[in-house]
Amino acid sequence: MHIRFATEQDVPQLFELMKELAIFEHYIDSFAITPEIVLQSGFRKNPPDFHSLVADDNGTIAGMLVYYFLPYTAQNRPNIYMKELYVSETYRGQGVGEKLMYALHEVAQQHGCSQIKWTVAPWNEGGLRFYQRLGAHENRDWLNYEWNVK
């Protein structure tokens, strides 16, 4: 298993994993991403809207991690926001997610980031256990809010 930055050639498999994640997290009905959006937003736009790491198993993308930088923080150091971490069901339990997270940790160090942030659904008990095993902690200092724009 090789962890690397995603390339344009990975877009079809990356899109499929994004769709699988939307099904897993129960938002497939509002999923508006297309392969063209992934290609344009993540690979052809400068700077890209997001970055991604993939777990490559001899040409098969076993997992993905999508993130973006939060450049302006009170600590005057960037942070990383991990938007998506997903490992194909076939590859779960083989350390793929852990390898992707440690690769992201390395990216954060290289860019002088002070934190990696993300959210996890409270019903995702496997995800919660996974993040706790890595040494991550729940931040209860802030509540998440959202304001829909129509």
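A residue counts as buried when its relative accessible area is under 20%. Keep that cut-off in mind as we walk through this predicted model, beginning with Ser 52. With a relative accessible area of 5%, Ser 52 falls under the limit and is therefore buried. You will find Ser 52 in strand E2. Setting aside residues up to four places away in sequence, Ser 52 touches Arg 4, Phe 5, Ala 6, Leu 14, Phe 43, Leu 65, Val 66 and Tyr 67.

Now let us look at the sheet. Five strands make up an open sheet, in the order E1-E2-E3-E4-E5, and their pairing is mixed. At the edges are E1 and strand E5 (116-117), each of which pairs on one side only. Further in, E3 and E4 pair in the antiparallel sense over eight bridges. Try finding Leu 65, one of the residues that Ser 52 touches: Leu 65 stands opposite Leu 85 in E4.

Strand E1 (residues 2-5) is the place of Ile 3. Is Ile 3 buried, exposed or partly exposed? Its relative accessibility is 23%, so Ile 3 counts as partly exposed. Leaving out residues up to four places away in sequence, Ile 3 touches Val 54, Ala 55, Lys 99, Leu 100 and Ala 103. Here is a nice example of how folding brings parts of a chain together: Ile 3 and Asp 57 are 54 residues apart in sequence, yet their C-alpha atoms are 9.0 Å apart in space.

Next comes helix H1, which covers residues 11-24. At 1.5 Å a residue, its 14 residues should span 20 Å, and because its end C-alpha atoms are 20 Å apart, the expected span agrees with the model. Which residues of H1 are buried? They are Val 11, Leu 14, Phe 15, Leu 17, Met 18, Leu 21 and Ala 22. Looking down the axis of H1, you would see these buried residues fall within an arc of 160 degrees, so they line one face of the helix. Pro 12 and Ile 23, on the other side of H1, are exposed. The cover over the buried residues includes helix H2 (35-44), along with strand E2 (51-57), strand E3 (60-70) and strand E4 (79-87).

The loops deserve a visit too. After H1 comes His 26, in the loop between H1 and H2. Phi of His 26 is near 65 degrees, a positive value in a residue other than glycine. His 26 has a relative accessible area of 61%, so it is exposed. Asn 58, in the loop between E2 and E3, also has a positive phi, near 50 degrees, and is likewise a residue other than glycine. At 77% relative accessibility, Asn 58 counts as exposed. In the loop between H2 and E2 sits Pro 47, and a cis peptide bond joins Asn 46 to Pro 47, with omega about 0 degrees.

Finally, consider the empty space. Rolling a probe the size of a water molecule over the atoms shows where such space is left. The largest pocket holds about 1,600 Å³ of space. It is lined by 35 residues, and the closest to its centre are Lys 117, Trp 118, Thr 119, Val 120 and Asn 139. Elements giving two or more residues to this lining are E4, helix H3 (96-110), E5 and helix H4 (125-134). Which element gives the most to the lining of the largest pocket? That is H3, with five residues.

Terms used:
Residues numbered from 1 in each chain as written. Predicted model: local features only at pLDDT ≥ 70, side-chain atom pairs only at ≥ 80, totals over all residues. Heavy atoms only, no water. Helix = DSSP H or I, 4+ residues; strand = E, 2+ residues; numbered from the N terminus. Expected span 1.5 Å × (residues − 1). Buried < 20%, exposed > 50% of the residue type's maximum accessible area, 1.4 Å probe, protein only. Arc of directions from axis to C-beta. Contact = heavy atoms within 4.5 Å. Pairing = 2+ DSSP bridges. 1 Å grid on protein atoms, 1.4 Å probe; cavity = no way out; pocket = protein on both sides within 12 Å on 5 of 7 lines; lining within 4 Å. Points joined across faces, edges and corners; volume = space filled by probe spheres on them.
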